[in-house]
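Reader: Could you walk me through reading a ligand site and a few secondary-structure elements? I like to have the general idea before the case at hand.

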Amino acid sequence: MRAKIISTGSYLPKNIATNDFLSTLVDTNDEWITSRTGIKSRHLVSEEETTASMAYEAAKKALSDANLQPEDIELIIVATCTADTLVPSTACDVQGRLGAVNATAFDLNAACSGFVFALTTADAYFQSGMYKNALIIGVETLSRIVDWEDRSVCVLFADGAGAAVVMADETGLMSASLGSDGDKCHAIYVKSRENNNPFCPGEKPMDHLYMDGAAVFKFATKTVPKSIRETLEKVNLTPDDVDLFLLHQANMRINQSIAKTLKVPMDKIPCNMDHCGNTSGASIPLLLDEANKKGLLKSGDTVVMSGFGAGLTWGTVVLKWA
Ligand SMILES: CC(C)(COP(=O)(O)OP(=O)(O)OC[C@H]1O[C@@H](n2cnc3c(N)ncnc32)[C@H](O)[C@@H]1OP(=O)(O)O)[C@@H](O)C(=O)NCCC(=O)NCCS
């Protein structure tokens, strides 16, 4: 039994920050951001919107799309690196909000690869026979860890949530590969709260996200095409056999480079970073829901999802769309 995606849902915060708006906060401009990243605007939470509230809204839509009740769900996995609370997990918060009383719920942190890691985790449970369905959610409030005075970072990241209901089935996920390189764990990082136990005294301000943009760019353009090729080879497929590539939405230039290396046209690589920015763990499920609602996914299509990000981590899945 493998993981088959049967429904999707998403939530984007109501507030939209355009490039022109950001140029009123830091020394930047629409031309620089658009040409370097492909991003034109992004959604940022208001005080009422949180990681858990966005995850809940996306989950409700995916459940309704699947014609399932919350109590039908056996497993909830939330991929996030920006939970509202260190404990409990966002997944437990969402479980409570939904009333998914029969589910086991936990979070997973693989940064921008998180949704792919969550999908493969559900798939592994299905293969073991432990669970038969799962609600998987990618959600981030990256605006809470960004330094709003750092122009090289604040123009990239944004908030949102995407969700999918997956069922154990004979079709669905065909092949997967995941990876991580802890040697590069400082290429993108943000510290958790500082320790102020009696042996670690002193005033310690909250840290912000740090990123070595050039190193991340190099890593993504090299690793993602390799990971996609290897995952396809496991099921005797090539990039030409793929109908749609749903890639992490970090940067248009990264996606164009991946397309060039794989020799696939950009019309097989839908992008939504122009209006969503980089939403890390939420980016692939947001794009998945958008593609699903636009009718870009047809029954029998071969679909590749591939994520990459902090860790460094990367992950690719190949699946048949039901
Ligand atoms: C971040 C990124 C867009 C920067 O693009 P770049 O072309 O490499 O730009 P650089 O960092 O070399 O900076 C070039 C100049 O633009 C400036 N700059 C940086 N951010 C700017 C901004 N928002 N507006 C205007 N100028 C900016 C820099 O200060 C630098 O100025 P200098 O030459 O006077 O020092 C690029 O490295 C990238 O896309 N990296 C991958 C990041 C990513 O996807 N991360 C998430 C992965 S999950």
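Author: Happily! Let us begin with a polar contact, meaning a pair of N or O atoms within 3.5 Å; within protein, one must be able to donate a hydrogen and the other to accept it, and residues adjacent in sequence count only if both atoms are side-chain atoms. Here a polar side-chain atom of N251 is 2.5 Å from an oxygen atom of the ligand. For R151 the distance from a polar side-chain atom to a ligand oxygen is 2.9 Å, and for W32 an N or O atom of the side chain lies 3.3 Å from a ligand oxygen. Do keep in mind that this is a predicted model, in which local features need pLDDT of at least 70, side-chain atom pairs count only at pLDDT 80 or more, and totals for chains, interfaces and linings use all residues. Residues are numbered from 1 along each chain as its sequence is written, and side-chain values use heavy atoms, with hydrogens and water left out.

Reader: How much of the ligand's area does the protein bury?

Author: Accessible areas come from the Shrake-Rupley method with a 1.4 Å probe; for residues, only the protein chains shown count as cover. The ligand taken alone exposes 970 Å², and the protein buries 69% of that.

Reader: Which element gives the most residues to the shell around the ligand?

Author: Helices (H or I, at least four residues) and strands (E, at least two) are DSSP runs, numbered from the N terminus. Helix 7 gives the most, with 4 residues. Elements giving two or more include helix 2 (30–37) and strand 12 (302–309). The shell also draws at least three residues from each of domain 1 (2–170) and domain 2 (175–320), with bounds from an automatic or database domain assignment.

Reader: Now the strands: what does strand 1 pair with?

Author: In a regular strand, side chains alternate between the two faces of the sheet. Two strands pair if DSSP finds at least two bridges between them. Strand 1 (residues 2–11) pairs with strand 7 (residues 159–169) in the antiparallel sense, over 9 bridges, and A3 stands opposite A168.

Reader: Is strand 1 mostly covered or mostly open?

Author: Buried means under 20% relative accessible area, exposed over 50%, and partly exposed in between (1.4 Å probe, protein chains only). In strand 1, 8 of the 10 residues are buried, so the strand is mostly covered. Helix 10 (residues 283–293) is mostly covered too, with 9 of its 11 residues buried. G311, in contrast, is partly exposed at 28%.
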